[in-house]
Each structure stands twice: as structure tokens, then as C-alpha cells.
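Hi,

Here is the structure I promised to pass on. Have a look at it first, and my notes follow underneath.

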Amino acid sequence: MSSTERADLGLALCIITGASRGFGRTVAKEVSRLVKPGSVLVLVARSGDDLRALRTELAESEEGRAGLVVECVEADLGQMEGPESVVRASKAALPEVIDHLILVNNAASLGDVSRYVKSFTNMAEVDSYLSLNVSSALCLTASVLQAFPQRPGLRRTVINVSSLCAQQPFPSWVLYCTGKAARAMMFRVLAEEEPDLRVLNYSPGPLDTAMQLVARSETADPSLRKAFSDKFAQGQLLTCEASCAKLMKLLLEDKYTSGAHIDVFDV
């Protein structure tokens, strides 16, 4: 650990969306090891069974026995009541005093990658995708920042789990690229508006998850589909644990420019 790196993430309230599986689940486990006893994790996902299994695992861990509090919120963030239920649960679970508020906007979906732009004529389909992948992240972030305003002694960190697709066009991935690009700009604007807030767009890289399996099997663009298949065959996909370790390093060092888009391979 460098001389400027923090030893932990403090006495924290940490809200993690998309926490039931994949990268979000790994973030929850890694954060649990880095927050102080008495901290609260609010885990959000649509899959209640998977959330409860993770809560049990964390409760039985060394951190759980030391006083980590884990709350589960089963919610569809694409619906209006989703962000509202997260804020309610976070307020109810809040310890008397915290010194770090952390929001990890991880929830996202790939969308239909089996089609090209010219096939998306159904506005309701597009609106539904953007509601979960863009609107919910904006509304949840705004609601959390209002519910837990800046005060002396409180650090506030907002993380957007981003992608290379926020910066580069991938043929047949119009929904995913559009959503990721919009979210990245959203959080850049937030960083400009709130100079006391720490904002990070983190791209975790090509992860060995269920989403990658869909990418290899359903991507319409043949060149892109082959590229994904080759990465898998050559063992070039990252584990969620390896990528998450880089994210934790960024948070502990706390040197990044607020609003920056940082790729796992640049850490």
C-alpha cells in the first residue's frame, strides 16, 4: 500500500445496484472487506433469492460477525418506485454517523444485440431499455444525493460502472452503446456541478460473465461476435475479482480526476 493510499473506505453507507450476480456481487464482497465495522451495505437487484443468498454469505463472513449490516432491496429500477424503495431502505438502515457515502451504479442490461439500428422502430422497446439503463441511474443518483446531503466530515462517492462501449461504437450493440455513452456523460456533468463529490466512470473490461456468453452467441455483427469468441477461447476475459481489485485500488488511492472515465487496463 502506498503512503497516500487509505487503509479502508471508512464507516460507510454503500448502495450497490445490480448486486445479485456478476460484477455487482463481487463489488459487494470486496467493499464489505474494506469498510469499517458498523457500516451498511444496501444491495439492490431484481432477483430477491440471489440477494438473500449474498446477504447470508456476508453475514457469516468475518466482516459480518464484526458488525457489518446488509440490507436487501428487491426492486426493478426501471420503474418509478424502484429508486424510491432504495432510498427508503437506505435511510432506515443508516447508522447514526457515517463518514462515507458510496453509490455504485452497476445495474444494466445488454439489450437486444441480434439486430441493427434500422430495426429499432418500436419506441416503447427503446424507452423500456433506456428507463433501466439511463433514467434509473440518473433518478437514483439524484435521490440519494438529496437524501444524504453534503456535510462536514462526510465523503460522498458516486461510481458508474461503464464500458468501452461508452466511447466506441459496436455494430449491432446500439442500445448498449447508447446507454453507456449517455451514462458516462451524465456523470461527467454531475462532477462539474458538484465539485465536493467524487465521481468515477469505471470500465471493468471484458468480464467472464453471463453477459459475455450472450455477446458470443447473439451478437449480429459477425466480426464483433468472432472477436468476443476469440477472447474467450484465448483466455483473455477478466475475472470479476481481478477487475474489482482495480476499482478498490482507485477508491483507496482517491487520486482520480472526478468525472474521469478510467479503464481497468489503465490502472
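Keep in mind that this is a predicted model. A good place to start is strand β6 (residues 198-203): six of its six residues are buried, so the strand is largely enclosed by the rest of the structure. R198, L200 and Y202 point one way from β6, while V199, N201 and S203 point the other way. That fits the usual pattern, as side chains in a regular strand alternate between the two faces of the sheet.

Now for the neighbours of β6. Strand β5 (residues 155-161) pairs with β6 in the parallel sense, over five bridges, and T157 has R198 as its bridge partner. To get from β5 to β6 the chain runs through helix α6 (residues 174-193), and this β-α-β crossover is right-handed. Strand β7 (residues 260-263) is also parallel to β6, with four bridges; there N201 stands opposite H261.

R198 turns up again in the salt bridges, which number 12. Its partner is D254, with the closest N and O atoms 2.9 Å apart. Since R198 lies in β6 and D254 in the loop between α9 (240-253) and β7, the pair ties together parts that are 56 residues apart in sequence. R198 is buried, at 19% relative accessible area, whereas D254 is partly exposed at 23%. R6 joins these two in a network of salt bridges.

One more pair to look up is R21 and D50, whose side chains meet in a salt bridge (2.9 Å, N to O). R21 sits in the loop between β1 and α1, D50 in helix α2 (residues 48-59), 29 residues apart. Here R21 is exposed, at 51%, and D50 partly exposed, at 28%.

Cheers

Methods:
Residues are numbered from 1 along each chain as its sequence is written. This is a predicted model: local features need pLDDT of at least 70, side-chain atom pairs count only at pLDDT 80 or more; totals for chains, interfaces and linings use all residues. Side-chain values use heavy atoms; hydrogens and water are left out. Buried means under 20% relative accessible area, exposed over 50%, partly exposed in between (1.4 Å probe, protein chains only). Helices (H or I, at least four residues) and strands (E, at least two) are DSSP runs, numbered from the N terminus. Two strands pair if DSSP finds at least two bridges between them. A crossover is right-handed if, with the strands pointing away from the viewer, the path from the first strand over the helix to the second runs clockwise. A salt bridge is a side-chain nitrogen of Lys or Arg within 4 Å of a carboxyl oxygen of Asp or Glu.
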